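Hi,

Here is the structure I promised to pass on. Have a look at it first, and my notes on what I found follow below.

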Amino acid sequence: MNHPTATDGAAPATMRAVVVTRPGGLDALEIRDVPVSARKPGWVRIKVRAFGVNESEVTTRKGESGAEVTYPRIPGI
């Protein structure tokens, strides 16, 4: 799936993301177009072509993380 990119080298306004909508099973995951975050000083932006899922993200999806975890949430460490 190709996602539109800006022709002037700027970041597009949106990106596709896996969103955990609530604690639950795989049915709690949605693919959404979300706004691209502003790049902060000292940060870089990379294009992600593939990613892995670690145990922390599975725990969050299941609702087994601490009370500080809120939904909807875009996983990624």
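Let me start with Val-44: at 69% relative accessibility, this residue counts as exposed. Val-44 sits in the loop that links strand S2 (29–35) to helix H1 (55–62). Together with Ile-46, Val-48, Phe-51 and Val-53, Val-44 forms a nonpolar patch on the surface, and the five share about 590 Å² of accessible area. Please keep in mind that this is a predicted model.

Now the overall picture. The protein chain has 1 helix and 2 strands, and read from the N terminus the elements run β-β-α. Buried residues account for 13% of the 77 residues. The accessible surface of the chain is about 6,200 Å², with 55% of that belonging to carbon and sulfur atoms. Of the contacts with a separation of 6 or more, 38% are between residues 24 or more positions apart.

Helix H1 took up most of my time. Which of its residues are buried? They are Glu-57, Thr-59, Thr-60 and Arg-61, and their cover includes strand S1 (14–20) as well as S2. At the N-terminal end of H1, Asn-54 acts as the cap, with a side-chain oxygen 2.9 Å from the backbone nitrogen of Ser-56.

Asn-54 also brings us to Glu-57, since the backbone nitrogen of Asn-54 lies 2.8 Å from a polar atom of the Glu-57 side chain. Glu-57 belongs to helix H1 and is the residue I would look at twice. Glu-57 is buried but has no salt bridge; Arg-73 is the nearest side chain of opposite charge, and it is 8.5 Å away. Beyond the neighbours within four places in sequence, Glu-57 is in contact with Gly-52, Pro-75, Gly-76 and Ile-77.

Further along helix H1 comes Arg-61. Is Arg-61 buried or exposed? Arg-61 is buried, because its relative accessible area is 15%, and the cut-off for buried is under 20%. Setting aside neighbours within four places in sequence, the contacts of Arg-61 are Val-20, Arg-22, Pro-23, Gly-24, Gly-25, Leu-26 and Leu-29. The last of these, Leu-29, is 32 residues from Arg-61 in sequence, while their C-alpha atoms are 8.2 Å apart.

After H1 comes Gly-63, with a positive phi near 85°. Gly-63 is in the segment after H1 and counts as partly exposed, because its relative accessibility is 36%. Gly-24, which turned up among the contacts of Arg-61, appears here again: the C-alpha atoms of Gly-63 and Gly-24 are separated by 6.6 Å, although the two are 39 residues apart along the chain. Apart from neighbours within four places in sequence, Gly-63 is in contact with Pro-23 and Tyr-71.

Tyr-71 leads to one last detail. The peptide bond from Tyr-71 to Pro-72 is cis, with omega near 0°, and Pro-72 lies in the segment after H1.

If you open the model with just a few places in mind, I would suggest the surface patch that includes Val-44 and Phe-51, the buried Glu-57 without a salt bridge, and the cis bond between Tyr-71 and Pro-72.

Best wishes

Technical notes
Residues numbered from 1 in each chain as written. Predicted model: local features only at pLDDT ≥ 70, side-chain atom pairs only at ≥ 80, totals over all residues. Heavy atoms only, no water. Patch = residues over 30% accessible without salt bridge, like charges linked within 9 Å, V, L, I, M, F, W, Y side chains within 5 Å. Areas by Shrake-Rupley, 256 points an atom, 1.4 Å probe, with all protein chains shown as cover. Salt bridge = Lys/Arg side-chain N within 4 Å of Asp/Glu carboxyl O. Helix = DSSP H or I, 4+ residues; strand = E, 2+ residues; numbered from the N terminus. Buried < 20%, exposed > 50% of the residue type's maximum accessible area, 1.4 Å probe, protein only. Lys, Arg positive; Asp, Glu negative; His and termini not counted. Polar contact = N/O pair within 3.5 Å; in protein donor to acceptor, adjacent residues only side chain to side chain. Contact = heavy atoms within 4.5 Å.
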